[in-house]
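Here are a few friendly notes to read with the structure open beside you. Take the points in order and find each residue as you go.

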Amino acid sequence: MKANEIRSLSVEELNTKLGELKKDLFMLRMQHATNHLDNPTQISAVRRDIARVKTVIREKELEQ
């Protein structure tokens with residue numbers, strides 16, 4: 001997910017997206033623990049997306 005795409009979302013949409021990404025991260029960690037994860041680099045990609053969303057949420061809070 002690109003930063004420009006994230007910045008175009010509202011705060012409510014960002015919070016929803018953050019919850020979805022956290023669920024995805026949990027599921028990826030569970031799959032990794034049970035050796036069912038095909039591509040372990042997905043975990044780091046989801047973690048980066050979470051960081052991007054949190055950064056944009058913080059930027060929007062500071063604007064207000």
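1. Let's begin with a small search: which side chain meets R58 in a salt bridge? The partner is E61, with 3.3 Å from N to O. Both residues sit in helix 3, three residues apart, about one turn of the helix. R58 is partly exposed at 47% relative accessibility, and E61 is also partly exposed, with a value of 46%.

2. Before going further, please keep in mind that this is a predicted model. The protein chain has a mean pLDDT of 95, and 100% of its residues reach 70 or more. Among the elements, helix 2 (residues 11-33) has the highest mean pLDDT, 97, while helix 1 (residues 3-7) has the lowest, 91.

3. How many salt bridges does the count come to? The total is three. Another of them joins R52 to D49, whose closest N and O atoms are 2.8 Å apart. This pair also lies in helix 3, with three residues, about one turn, between the positions of R52 and D49. Do look at how the two partners are placed: D49 has a relative accessible area of 13%, under the 20% cut-off, so D49 is buried. R52, at 33%, is partly exposed.

4. Now look for the salt bridge between E59 and R7, at 3.3 Å from N to O. This one links distant parts of the chain: E59 belongs to helix 3 (residues 41-63) and R7 to helix 1, 52 residues apart. Are these residues buried, exposed or partly exposed? E59 is partly exposed at 31% relative accessibility, and R7 is partly exposed at 42%.

5. Helix 2 deserves a paragraph of its own. Its 23 residues reach 33 Å from the first C-alpha to the last, close to the 33 Å expected at 1.5 Å a residue. Try colouring the leucines L14, L18, L21, L25 and L28 in this helix, which are buried. What covers the buried residues of helix 2? The cover includes helix 1 and helix 3.

6. Finally, step just past the end of helix 2 and find N35. The phi angle of N35 is positive there, at about 60°.

7. To recap, E59 and R7 tie helix 3 to helix 1 through a salt bridge, whereas the R52 and D49 pair stays within helix 3, as does the R58 and E61 pair. Helix 1 and helix 3 also appear in the cover over the buried residues of helix 2.

Terms used
Residues are numbered from 1 along each chain as its sequence is written. This is a predicted model: local features need pLDDT of at least 70, side-chain atom pairs count only at pLDDT 80 or more; totals for chains, interfaces and linings use all residues. Side-chain values use heavy atoms; hydrogens and water are left out. pLDDT is the predictor's confidence in each residue, from 0 to 100. Helices (H or I, at least four residues) and strands (E, at least two) are DSSP runs, numbered from the N terminus. A salt bridge is a side-chain nitrogen of Lys or Arg within 4 Å of a carboxyl oxygen of Asp or Glu. Buried means under 20% relative accessible area, exposed over 50%, partly exposed in between (1.4 Å probe, protein chains only). The expected span of a helix is 1.5 Å times one less than its number of residues. Contact means heavy atoms within 4.5 Å.
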